[in-house]
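Me: Please take a close look at a single part of this structure, namely the strands and what surrounds them. I should like one connected explanation with each technical term explained.

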Amino acid sequence: MSEHERTFVMVKPDGVQRGLIGDIVSRFEDRGLKMVGGKFMQIDQDLAEEHYGEHADKPFFDGLVDFITSGPVFAMVWEGQDATRQVRNMMGETDPAESAPGTIRGDYGLDLGRNVIHGSDHEDEGANEREIALFFDEDELVDWDKIDSSWLYE
Ligand code: UDP
């Protein structure tokens with residue numbers, strides 16, 4: 001399993017408005033993941049519709065696009081062993097009401113339509129790389145050595 005697996009993560013507009021960026025970043029840092037990209041940005045209509053394209057025919061699609069474009073987000077790329085699945089584990093379930101305490105959605109959310117965070121789906125092969133490419137140019141991602149890597153990986 002590669003220590004260099006990358007996944008796309010985003011604090012959604014509700015998480016930004018509620019001041020949760022720092023806490024969410026800390027959780028991933030504490031876990032041992034390495035940030036290799038990050039930007040505070042506003043998602044426009046086109047990007048929202050592309051990012052959530054798989055849900056285009058769902059009844060919640062228009063509301064989801066309105067929500068994700070309603071204010072700034074903090075988009076990130078995190079790297080580490082099994083990063084995509086581990087981030088999803090830390091996020092909890094899609095519905096915060098079904099998410100265990102200790103997970104991000106279980107600690108900070110109550111409502112399905114305001115679930116604080118997005119992370120690439122580990123069950124959707126290649127979703128992480130596709131989403132990274134959608135939000136980041138190659139030159140916005142940073143290759144760097146973190147001093148604790150020999151203590152995180154055997
Ligand atoms: N969503 C919603 N209503 C629903 C299902 C999903 O508003 O009934 C939103 C919710 O914000 C979710 C996003 O659509 O995070 C994408 O849904 P997906 O099933 O991909 O969940 P995720 O991968 O975010 O857990």
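Reply: The account below begins with the whole chain, then turns to the strands, and ends with the annotated sites and the ligand.

This is a predicted model, in which local features need pLDDT of at least 70 and side-chain atom pairs count only at pLDDT 80 or more, while totals for chains, interfaces and linings use all residues. Residues are numbered from 1 along each chain as its sequence is written.

The chain contains eight helices and four strands. Here helices (H or I, at least four residues) and strands (E, at least two) are DSSP runs, numbered from the N terminus. In sequence order they give the pattern β-α-α-β-α-α-β-α-α-β-α-α. Along its principal axes, the C-alpha trace spans about 45 × 35 × 30 Å. A compact globule of 154 residues would have a radius of gyration near 15 Å, and the chain's 15 Å agrees with this. That radius is taken over C-alpha atoms, and the globule rule is 2.2 Å times the number of residues to the power 0.38.

Of the 154 residues, 32% count as buried. A residue is buried if 20 or more other C-beta atoms lie within 10 Å of its own, exposed if 12 or fewer, and partly exposed in between, with C-beta atoms placed from the backbone. Two residues are in contact if their C-beta atoms, placed from the backbone, lie within 7 Å. Among contacts between residues at least 6 apart in sequence, 71% join residues at least 24 apart.

The strands may now be taken in turn. Strand β1 covers residues 6-11, and six of its six residues are buried, so the strand is largely enclosed by the rest of the structure. Its side chains alternate: R6, F8 and M10 point one way, and T7, V9 and V11 the other way. Strand β3 (residues 73-79) is likewise largely enclosed by the rest of the structure, because seven of its seven residues are buried. From β3, V73, A75, V77 and E79 point one way, whereas F74, M76 and W78 point the other way.

How are these strands joined? Two strands pair if DSSP finds at least two bridges between them. Strands β1 and β3 run antiparallel and are joined by six bridges; among the partners, R6 is bridged to E79 and T7 to W78. Strand β3 also pairs with strand β2 (residues 34-41), through seven bridges in an antiparallel arrangement. Within that pairing, M41 stands opposite V73. Strand β1 is in turn joined by three bridges to strand β4 (residues 117-119), again antiparallel, and M10 has H118 as its bridge partner there.

Helix α5 (residues 83-91) has A83, T84, Q86, V87 and M91 buried. The elements covering these residues include β1 and β3, together with α2 (21-31), α6, β4 and α7 (127-135). Just after α5, G92 takes a positive phi of about 95°.

Some annotated residues connect with the parts described above. UniProt, in an unreviewed entry, places a "binding site" feature at K12, F60, R88, T94, R105 and N115. UniProt positions are given in the numbering used here, feature names are shortened, and annotations may be inferred rather than shown by experiment. K12 lies in the loop between β1 and α1 (13-17). K12 is buried, because 23 other C-beta atoms lie within 10 Å. Leaving aside its neighbours within four places in sequence, K12 is in contact with I68, V73, V116, I117 and H118.

R105 is found in helix α6 (residues 104-108). R105 is also buried, with 23 other C-beta atoms within 10 Å. Beyond its neighbours within four places in sequence, the contacts of R105 are M91, G92, E93, P96, S99, N115, V116 and I117. R105 and M90 stand 15 residues apart in sequence and 8.5 Å apart in space, C-alpha to C-alpha.

Finally, the ligand is surrounded by F60, L64, T94, L112, G113, N115, H118 and D121. A residue is near a molecule or strand if its C-beta atom, placed from the backbone, lies within 6 Å of it. By class, this shell has three nonpolar, four polar and one charged residues. Ala, Val, Leu, Ile, Met, Phe, Trp, Tyr, Cys and Pro count as nonpolar, Asp, Glu, Lys and Arg as charged, and the others, Gly among them, as polar.
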